Amino acid sequence: MSFLTFALAYTGLAALSLAMHRHAREVFQRELADGPRLALRCAGGCLLVVSLILTVASSGWPVGTVEWFGMLIASAVACVLLLTYYPKAVAVLAAALPALAVVVLILDRYRAWPSP
Amino acid sequence: MAWLHAWAGWPAGWVLYAVFISGTLSYFRPEISHWMRPELATAREHPDSVALAMRILQERAPNSSRWVINLPNAREPTLRVGWMAASEPGKADRLIGRFDGVVLDPSTGKELQPRQTRGGDFFQRFHYELGLGQVWGHWLVGGCAMAMLIAILSGVIAHKQLFRNFFTFRPGKGQRSWLDAHHAVGVLALPYHLLITYTGLITMMFMYMPAAVETAYRYDPGGFLIEAFPNPPHAQSTGRSARLTAIEPLLQQAERQWNGAAPASIVIEYPGDAGARVQMQRSTPGKLTNTGQYIIFDGVSGGMLSVWGEESGAMQVHGVLYGLHMARFSSFSLRWMFALCGVLGTLMVATGLVLWSVKRMPQRAEGQRATLGQRVVEILNNGTITGLPIAVAVYFWANRLLPVTLAERPAWEIRCFFAAWGLTYIAALLQNARTPWPRHFFVGALLFALLPLVNGLTTPAHLGISLMQGPAIYAGFDLSMLGIAALLAIAAWNTSRVRPERKETAGDTLPAGTPMLEERS
Amino acid sequence: MAPPSISYRLAVASRALAALLGGYLLTASMIAVLALFLPMERAAAALTATMLSFAIYACCVLWVFAARSAWLAWAGIALPALALEALLWSRSLLVIP
């Protein structure tokens with residue numbers, strides 16, 4: 001489990017939520033056409049799968065699956081709270097979190113000290 | 001199905017709320033126990049713990065038949081050393097002998113004297129016994145857990161638009177909002193709720209459903225435990241003395257065997273005897289099963305004799321299911337996710353209870369009194385939902401304020417817990433329907449918010465220090481108390497704003513939309 | 001809506017009894033049979049049967065409340081239970097001592 005896998009899980013769920021009419025209206029002030037909705041669903045699903053694969057790769061199958069479900073639930077809670085109180089933030093975070101995670105990952109590598 | 005969901009959830013709801021709260025707290029049992037023994041606050045881990053432990057054991061109990069060393073870790077930084085008091089020669093009562101021990105600070109080697117308290121263990125036991133003893137408590141919790149399983153399954157079957165409303169929450173709309181909240185916390189963490197309920201039943205399954213084992217082993221009663229849960233054999237004393245092998249190399253062997261995981265405890269049987277055995281148990285993080293992982297070494301030669309805990313098939317499934325419930329395998333962040341899910345489960349039960357009474361207490365016109373049944377439900381709801389957080393806070397307050405030398409100190413802390421909880425019911429009884437909610441939540445918020453202050457006034461490890469130099473457990477605990485206070489404050493604010501919806505209905509009839517059991521003969 | 005009638009309450013009580021008591025006994029018989037007949041070694045079979053018991057019990061309860069009538073609910077519980085008990089009796093291993 002890492003910031004990146006959590007960010008991917010969040011963005012995946014956010015994409016799935018925005019593919020629904022009700023929530024697209026809250027965030028974009030209009031309903032999306034079928035094409036973009038399908039794209040959002042596919043992208044959302046793919047991101048969730050990538051998140052699962054990355055988590056399992058680092059923690060192993062049994063523990064990794066549990067961690068992935070935990071991240072899904074945490075992301076879902078964040079989505080629901082944001083959609084209720086700050087709908088615009090959902091889309092903003094969906095873009096910002098993965099970007100931030102990648103930045104953190106690069107910074108980590110760059111600053112990693114060789115082990116003694 | 002909606003009918004079944006309401007009736008399976010409701011009477012069990014009060015018990016389940018207590019179970020969820022204590023269960024969520026139990027995820028942090030070691031941290032709570034550590035915070036509740038402030039005499040241990042200065043303890044820090046140290047790599048030479050084993051050498052220190054062996055020295056103490058050689059000094060204090062050279063002729064003992066059994067030495068136990070519990071190594072320090074991040075969640076419990078103290079070194080606990082114990083030994084079986086030497087029995088009289090000729091008496092083979094090794095297993096029921098008197099057990100003595102000391103608690104040490106690994107970094108200084110000093111012996112520490114923690115105050116008497118049940119600590120976090122109280123919440124763990126309360127979680128499956130509710131203070132009602134092994135028979136009544138276990139059966140009550142088990143019955144309610146079964147009811148919860150039914151409630152979850154019937155809820156899923158009844159809720160056909162499960163995914164359409166997945167992300168929906170509409171606050172401020174009275175009964176509709178409670179329903180949304182109940183749906184949201186129920187559905188969002190649905191995998192967790194199903195998992196925790198089923199695995200919870202699994203932990204006590206031999207008590208609840210003995211028929212399979214009892215029938216298969218009708219003519220061989222002890223056989224099941226031996227075949228299903230084999231334990232490492234006990235060492236045998238030979239009577240010849242021999243020098244105990246060095247322990248440190250064994251630690252390294254164990255870590256290699258366990259792919260880097262450190263031992264959590266070391267048990268040495270018959271040290272100084274030719275038949276001595278050294279048994280190491282793996283620490284829990286990272287290994288999903290609950291089954292203990294052991295390595296047995298020969299106490300004289302240091303050779304690895306056997307490895308225990310690798311299981312397969314049905315035993316492995318059982319170990320994993322049990323382990324998923326205990327969540328001891330989890331890392332720091334995963335544990336917090338479990339705790340988040342536990343909070344969601346608590347909220348699910350609470351919103352369900354409120355929904356039950358909000359739906360069935362028709363919006364009464366002013367001046368119309370509630371029926372006795374409605375009043376009982378209101379009081380029970382309020383006393384349980386607001387009373388338990390208050391009781392938890394009072395338990396922590398009692399830990400800091402009760403004198404250290406008080407006789408039966410652990411029992412008194414627990415009495416304070418139950419007294420505070422009971423008083424909340426009485427307070428709810430004395431007020432009318434809506435006023436207790438914001439008041440009690442506010443009291444709870446205040447009690448939790450002031451805890452770091454009480455900690456600061458009664459111990460040297462207050463938040464200012466613990467944030468800077470540690471111990472991290474103290475900082476984490478105090479911050480969590482402030483977090484809980486914030487949540488209760490939000491609840492207090494929310495419940496003070498609710499306005500009753502007015503509708504004309506006669507007292508006795510059920511409001512429209514109440515789910516009824518369908519009878520189609 | 002009028003307050004619930006006596007016959008409604010009786011029907012509910014009947015189903016509750018079928019679900020709670022009947023379901024438990026049916027589950028007990030079923031896991032006893034599973035423990036004896038699952039193609040694994042004895043301890044594993046007993047363990048597996050016990051782990052499945054709660055899912056079985058849940059299905060019994062859901063069946064009782066989903067069935068069209070109280071009679072059908074009882075039939076769905078009692079008939080399988082009797083059949084399983086007969087099977088166990090034939091091996092002198094009745095579940096209810």
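No salt bridges are counted between chain A and chain B, and the count of residue pairs in polar contact there, both at pLDDT 80 or more, is likewise zero. These results, like everything that follows, come from a predicted model. On the side of chain A that touches chain B, helix 1 (3-18), helix 2 (21-28) and helix 4 (61-85) of chain A each supply at least two residues. Helix 4 of chain A gives the most to this side, with 16 residues. Sorted by class, the residues on the side of chain A that touches chain B comprise 18 nonpolar, four polar and two charged. In terms of extent, 24 residues of chain A are in contact with 25 residues of chain B. The area that chain A and chain B bury between them is about 1900 Å², and carbon and sulfur atoms carry 82% of it.

We can now turn to the other interface. Two pairs of chains are in contact, and of these, chains B and C share the most contacts. Here 42 residues from chain C meet 47 residues from chain B. About 3800 Å² is buried between chain C and chain B, with 73% of that area coming from carbon and sulfur atoms. Two salt bridges are counted between chain C and chain B. One of them joins the side chains of Arg42(C) and Glu227(B), with an N to O distance of 3.2 Å. Eight residue pairs are found in polar contact across the interface of chain C and chain B, both residues being at pLDDT 80 or more.

Three elements of chain C, namely helix 1 (6-37), helix 2 (42-66) and helix 3 (70-90), give two or more residues to the side that touches chain B. Helix 2 of chain C gives the most, contributing 19 residues to that side. By class, the side of chain C that touches chain B holds 32 nonpolar, six polar and four charged residues. As for the remaining pair, chain A and chain C do not touch, and 19 Å separates their nearest C-alpha atoms.

Chain B itself deserves a closer look. Its secondary structure consists of 18 helices and eight strands. Of the 521 residues in chain B, 51% are buried. Among contacts in chain B with a separation of 6 or more, 70% are between residues 24 or more positions apart.

Helix 4 of chain B, residues 121-129, offers a local view of this packing. The buried residues of this helix are Phe122(B), Phe123(B), Gln124(B), Phe126(B), His127(B) and Glu129(B). They pack against helix 1 (2-26), helix 2 (29-35), helix 5 (134-158), helix 12 (313-326), helix 14 and helix 15 (409-430) of chain B. Leu130(B) follows helix 4 of chain B and has a positive phi, near 55°.

Helix 14 of chain B, one of those packing partners, spans residues 372-401 and includes Glu378(B). Is Glu378(B) buried or exposed? Glu378(B) counts as buried because its relative accessibility is 9%. The side chain of Glu378(B) is joined to that of Arg375(B) by a polar contact of 2.9 Å.

Another buried position lies in helix 16 of chain B (residues 436-458), where Ala445(B) is found. The relative accessibility of Ala445(B) is 8%, so this residue counts as buried. Leaving aside residues up to four places away in sequence, Ala445(B) touches Ala485(B), Leu488(B) and Ala489(B). By way of contrast, 48 Å separates the C-alpha atoms of Ala445(B) and Gln257(B), which lie 188 residues apart along the chain.

Finally, the cysteines can be considered. Over all chains, the count of disulfides is zero. Why does Cys46(A) have no bond to Cys42(A)? The closest cysteine sulfur to that of Cys46(A) belongs to Cys42(A) and is 6.4 Å away, which is too far for a bond. In chain C, the sulfur of Cys60(C) has its closest cysteine sulfur in Cys59(C), but the separation of 7.0 Å is again too far for a bond. The cut-off behind this reasoning is that a disulfide needs a pair of cysteine sulfur atoms within 2.5 Å. Cys60(C) is also buried, because its relative accessible area is 7%.

Technical notes:
Residues are numbered from 1 along each chain as its sequence is written. Chains are lettered from A and ligands numbered from 1 in the order in which they are written. Side-chain values use heavy atoms; hydrogens and water are left out. Buried means under 20% relative accessible area, exposed over 50%, partly exposed in between (1.4 Å probe, protein chains only). Contact means heavy atoms within 4.5 Å. Buried area is the accessible area (1.4 Å probe) that two parts lose on being put together, summed over both. A salt bridge is a side-chain nitrogen of Lys or Arg within 4 Å of a carboxyl oxygen of Asp or Glu. A polar contact is a pair of N or O atoms within 3.5 Å; within protein, one must be able to donate a hydrogen and the other to accept it, and residues adjacent in sequence count only if both atoms are side-chain atoms. Helices (H or I, at least four residues) and strands (E, at least two) are DSSP runs, numbered from the N terminus. Ala, Val, Leu, Ile, Met, Phe, Trp, Tyr, Cys and Pro count as nonpolar, Asp, Glu, Lys and Arg as charged, and the others, Gly among them, as polar.
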